[in-house]
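The following paragraphs are meant to be read beside the sequence and the structure. They proceed from one local question to the overall fold, and then to charges, cysteines and backbone geometry.

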Amino acid sequence: MVLRYNPRELEKKWQQRWDDDKLYEAKQDSSRPKWYELTMYPYTSGNLHIGHWYAMAPADAHARFKRMQGYNVLHPMGFDAFGLPAENAAINRGIHPHTWTMDNVENMRRQLRRMGAIYDWDREVITSLPEYYKWTQWLFLKLYHAGLAYRAEAPANWCPNCQTTLANEQVLDDGTCERCHTAVTRKDLEQWFFRITRYADELLDTSKIQWPERINVMQANWIGRSEGAEIAFGIEEYGLDEKEIRVFTTRPDTVFGVTFMVLAPEHPLVPLLTTPDRKDEVEAYVEAARRQSEIERLSTEKEQTGVFIGAYCTNKLSGDRVPIYIADYALLTYGTGAVMGVPAHDTRDFSYATRYDILIRTVIAPEGWRGDDLEEAYLEPGVMVNSGPFDGLPSQEGKQAVIKAMEEQGIGSGTVSYRLRDWLISRQRYWGAPIPMVYCQKCGVVAVPEEDLPVLLPEDAEFRPTGESPLTYHQEFANTTCPECGSPARRETDTMDTFMCSSWYFLRFASPKADNAPFRPEDLKYWLPVDQYTGGAEHAVMHLLYARFFVKALRDIGLLDFDEPFLRLFNQGTIINERQKMSKSRGNVITPDEYVDSLGADVIRAYLMFIGPWDQGGEWVDQGINGITRWYNRVWDMVLRDEAELDGRPTDDDSVVQTRHLLHKTIKKVTQDLEGFRFNTTLASLMSFTNHLGKVWEDGSVNSGVWRESIKVFLLLLAPIAPHLAEEMWSLKGYSYSIHNQPFPKWDEALAAEKEITLVLQVNGKVRDRVTVPASVTEEEAKELAMTSDRVKTHLKGRKPSRVIYVPGRLVNIVAR
RNA sequence: GCCGAGGUGGCGGAAAUGGCAGACGCGUCGGACUUAAAAUCCGAUUCCCCUAGGGGAGUGCGGGUUCAAAUCCCGCCCUCGGCACCA
């Protein structure tokens with residue numbers, strides 16, 4: 001397919017001009033309303049693929065649209081530049097991560113520029129540069145001093161062969177190390193965490209944001225708030241410091257049905273409570289559980305297994321003494337790491353009790369229950385039985401009653417548990433922002449003073465395929481002195497999770513050059529929060545949740561004064577090729593460069609927007625692009641015609657009226673569709689309009705004035721979608737530079753309104769005739785028309801209508817049975 | 001298993017509050033132009049029946065509500081995304 005204009009030249013020319021004129025420079029301007037439209041910045045993988053374009057080009061069209069609507073738009077771009085692939089490149093190809101990253105940035109920036117977006121490149125941020133990560137570290141210290149960062153022992157993925165920890169993404173699906181394929185186990189390490197759980201309830205509150213419900217639901221599920229109770233079971237008889245085992249349950253109403261206790265294998269009480277005769281068996285089970293850890297989770301319907309540890313605890317409410325087991329279905333990381341076993345009313349407990357021959361005692365009676373044994377766990381509400389003083393209470397009320405009783409007796413209390421865990425930010429890696437902490441032999445854990453930031457990554461690190469972070473054996477880096485007492489000290493050699501960088505980059509765009517702070521309050525005040533954020537839904541529970549937490553934390557520290565980073569969110573779908581996701585291994589990756597070379601950015605932009613609803617993604621089909629190139633060719637011809645030719649021919653008043661009507665209807669449709677990210681129907685209505693223009697040119701039924709006006713408005717409507725082409729044609733038509741500084745056209749509601757409608761005439765709900773009538777048609781007129789239609793008469797076959805339904809402006813349905 | 005989104009021609013997809021199913025585009029077929037092809041332009045294109053004019057069926061499947069259902073309700077099937085022993 002060949003274009004009638006030269007996209008390469010034309011696009012290059014205008015990009016240069018816009019650049020030279022700083023047309024898209026974002027400047028604060030209190031006289032105009034601001035609009036901060038942000039697209040998730042890309043990772044510096046090295047190449048921009050069509051998926052990036054799919055995320056960015058429509059977002060740019062939307063930002064351009066807002067700009068033409070009079071908003072002062074900030075639509076910045078940057079690079080997520082820390083991360084593992086840079087390190088792997090260093091190991092595999094001997095390229096320093098910094099070099100690899102910056103080469104990629106350069107290439108991607110070049111590719112991005114060709115898209116013709118309104119990015120203000122003066123605001124670019126690259127997270128791996130010290131000028132950026134200095135402030136990532138600074139923010140870490142702020143969180144640390146606010147008590148939101150802490151160090152704790154946590155299990156990490158450990159490869160026994162490589163002798164190193166692995167990030168989750170380095171563990172293959174079969175639970176083995178991606179490098180040596182050894183089974184990965186867990187190893188407990190001291191690591192850094194952020195207290196995101198402190199914000200769990202506020203993160204559940206979505207009243208201040210307009211996000212897709214889907215994402216809100218995913219976040220809510222991820223946070224997993226459960227109301228219930230914490231209950232203490234007595235173990236005084238063992239003479240330990242701990243006098244009780246605490247469990248979390250959402251079913252305090254079933255507490256009289258507890259017939260056993262389950263501890264997570266790693267529970268600290270296990271070694272203390274295990275009786276000598278059980279020791280070997282218990283230790284073997286703990287070891288096995290440790291070994292399987294995350295791996296065996298893949299088996300869905302796994303049977304509940306465990307071992308009795310020889311000890312018992314006391315149900316303080318019922319007085320029952322119940323055996324204590326360890327079982328891997330109890331997770332140390334959720335609740336208290338201990339579960340009260342109520343087999344009658346919990347599926348897993350039921351299966352466990354059946355397997356180990358443990359008593360199953362019904363305490364919530366199903367309707368019509370006559371005391372017989374349950375075939376399976378009964379999970380629904382019912383009436384409390386076998387529950388002492390609570391017998392006869394409906395279980396829903398029983399929950400509160402039991403909690404109240406336990407609180408009075410000091411053996412338990414109502415509480416809330418979350419699935420969400422604190423955010424582990426330590427990475428045993430080189431290519432990340434060093435965590436600015438020092439371990440002093442005398443002072444312990446000491447924060448690096450602000451004035452000593454940044455803690456720079458040593459450039460001369462060695463990248464050996466040992467799997468260990470180069471920082472751990474970089475003596476100059478690791479060995480330091482304590483900032484407080486001056487004694488020899490060791491630096492933290494872990495670096496930060498890259499989600500840390502992306503949790504505040506949108507703030508940095510407001511003050512990209514600030515060198516004495518991560519951002520300036522006055523800049524934030526003007527630009528933030530982000531009005532519209534767009535990106536993939538794959539970040540629903542990681543990046544998006546972390547960024548929300550970050551903003552709330554910084555607000556509480558006093559660094560900013562809003563509650564949410566992103567007011568509106570839109571998730572584009574995934575673009576696929578050959579019915580599959582694009583990936584290097586499948587060899588079906590579409591590279592935009594070749595298409596930009598031959599067809600130009602504007603074609604790709606429009607094609608991606610036309611392919612289907614943006615949030616549903618779509619399939620890249622080479623042939624489909626033909627539709628856009630043909631359309632541009634026709635538009636090009638049409639726009640460049642000399643409208644004076646029309647004046648030699650008689651005009652048709654109806655055609656003029658209809659063209660005006662269509663013009664305003666199109667403005668309305670395009671405006672509303674762009675507002676709602678419905679680019680596919682935006683394009684469809686623009687195409688329809690040009691189809692109409694083609695017809696009226698052929699029959700010469702409009703005058704040059706209407707034509708010129710139609711073309712002018714059309715170009716303005718096209719500008720956000722095809723910025724180069726629209727600018728070129730705008731200029732060729734003699735309008736003044738730049739089209740992108742023009743206001744977006746406004747429609748006249750009277751002109752946009754339909755003057756004529758097609759009235760559908762139905763008999764018994766089936767369409768039998770259609771008549772064109774003025775939109776002002778009255779009910780009587782419409783019904784009259786229906787009754788006089790020959791086709792309607794034929795289908796009535798002389799029957800008397802029993803009912804006539806009139807839908808204004810739409811149809812008449814005659815019912816006759 | 002649980003949560004969420006979706007299923008419409010040969011294909012991508014259009015269709016406020018229930019009210020003309022298939023906009024727009026791709027592809028295909030026919031025609032024009034051409035020595036020929038490409039490109040371009042014009043026309044047709046849901047399926048079935050019919051010589052015509054027209055008739056019938058049709059939005060994953062089966063029921064239902066309604067004058068009227070792609071749209072609402074009930075029960076299934078399938079696809080995609082997320083979570084996955086969360087007590």
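Where is the place of Pro529? Pro529 is located in the loop between helix H15 (521-527) and E22. The model is a predicted one, and in it the peptide bond that joins Leu528 and Pro529 is cis, with omega at about -5 degrees. A second cis bond runs from Leu453 to Pro454, with omega near 0 degrees. Pro454 likewise belongs to a loop, in this case between strand E18 (444-447) and helix H12 (475-478). As background, most peptide bonds are trans, and most residues other than glycine have a negative phi.

Two residues depart from that pattern of phi. Asp357, which is not a glycine, has a positive phi near 60 degrees, and Phe677 also has a positive phi of about 60 degrees. Their surroundings can be described in turn. Asp357 occupies the loop between helix H10 (347-355) and strand E12 (364-365), and Asp357 counts as exposed because its relative accessibility is 73%. Phe677 sits in the loop between H20 and helix H21 (679-698); with a relative accessible area of 5%, Phe677 is buried.

The overall architecture may now be considered. Chain A contains 26 helices and 30 strands. Of its 817 residues, 54% are buried. Along the principal axes, the C-alpha atoms of chain A fill a box of roughly 110 × 85 × 50 Å. Two pairs of residues give a sense of distances within the chain. Pro268 and Leu524 are 256 residues apart along the chain, and their C-alpha atoms are separated by 47 Å. Pro268 lies in the loop between strand E8 (260-263) and helix H8 (270-273), and its relative accessible area of 58% makes it exposed. For Arg110 and Leu48, 62 residues apart along the chain, the separation of the C-alpha atoms is 9.6 Å. Arg110 is part of helix H4 (residues 97-113) and is partly exposed, at 39% relative accessibility.

Charged side chains form the next topic. Side chains of opposite charge can pair when their charged atoms come close. With a cut-off of 4 Å between side-chain nitrogen and carboxyl oxygen, the count comes to 51 salt bridges. One of these salt bridges is between the side chains of Lys34 and Asp531, at 2.7 Å from N to O. Lys34 lies in strand E1 (residues 34-39) and Asp531 in strand E22 (residues 530-536), so this pair ties together parts that are 497 residues apart in sequence. Both partners, Lys34 and Asp531, are buried.

Another salt bridge is made by the side chains of Glu643 and Lys733, at 3.0 Å from N to O. This pair links distant parts of the chain, 90 residues apart: Glu643 is in the loop between H19 and H20, and Lys733 is in the loop between helix H23 (723-732) and helix H24 (749-752). Glu643 is buried, with 10% relative accessible area, and Lys733 counts as buried at 12% relative accessibility.

A pairing within one helix is provided by Asp673 and Lys669, whose side chains meet in a salt bridge of 3.2 Å, N to O. Both residues lie in helix H20, four residues apart, which is about one turn of the helix. Asp673 is buried, with a relative accessible area of 3%, whereas Lys669 is partly exposed, with a relative accessible area of 36%. Salt bridges that share partners also create a network, which joins Glu202, Lys208, Arg548, Lys552, Arg555, Asp556, Asp563 and Glu564.

Which residues form a negative surface patch? The patch consists of Asp652, Asp653, Asp654, Glu698, Asp699 and Glu756. Asp652 is in the loop between helix H19 (625-640) and helix H20 (653-675). With 37% relative accessibility, Asp652 counts as partly exposed.

The cysteines complete the account. How many disulfides does the structure hold? The number is zero. For Cys443, the nearest cysteine sulfur is that of Cys485, 3.6 Å away, and Cys443 is in no disulfide. The cut-off for a disulfide is a pair of cysteine sulfur atoms within 2.5 Å. Cys443 is partly exposed, its relative accessible area being 32%. Cys501, by contrast, counts as buried, at 1% relative accessibility.

Methods
Residues numbered from 1 in each chain as written. Chains lettered and ligands numbered in written order. Predicted model: local features only at pLDDT ≥ 70, side-chain atom pairs only at ≥ 80, totals over all residues. Heavy atoms only, no water. Patch = residues over 30% accessible without salt bridge, like charges linked within 9 Å, V, L, I, M, F, W, Y side chains within 5 Å. Areas by Shrake-Rupley, 256 points an atom, 1.4 Å probe, with all protein chains shown as cover. Lys, Arg positive; Asp, Glu negative; His and termini not counted. Charge placed at Lys NZ, Arg CZ, Asp CG, Glu CD. Helix = DSSP H or I, 4+ residues; strand = E, 2+ residues; numbered from the N terminus. Buried < 20%, exposed > 50% of the residue type's maximum accessible area, 1.4 Å probe, protein only.
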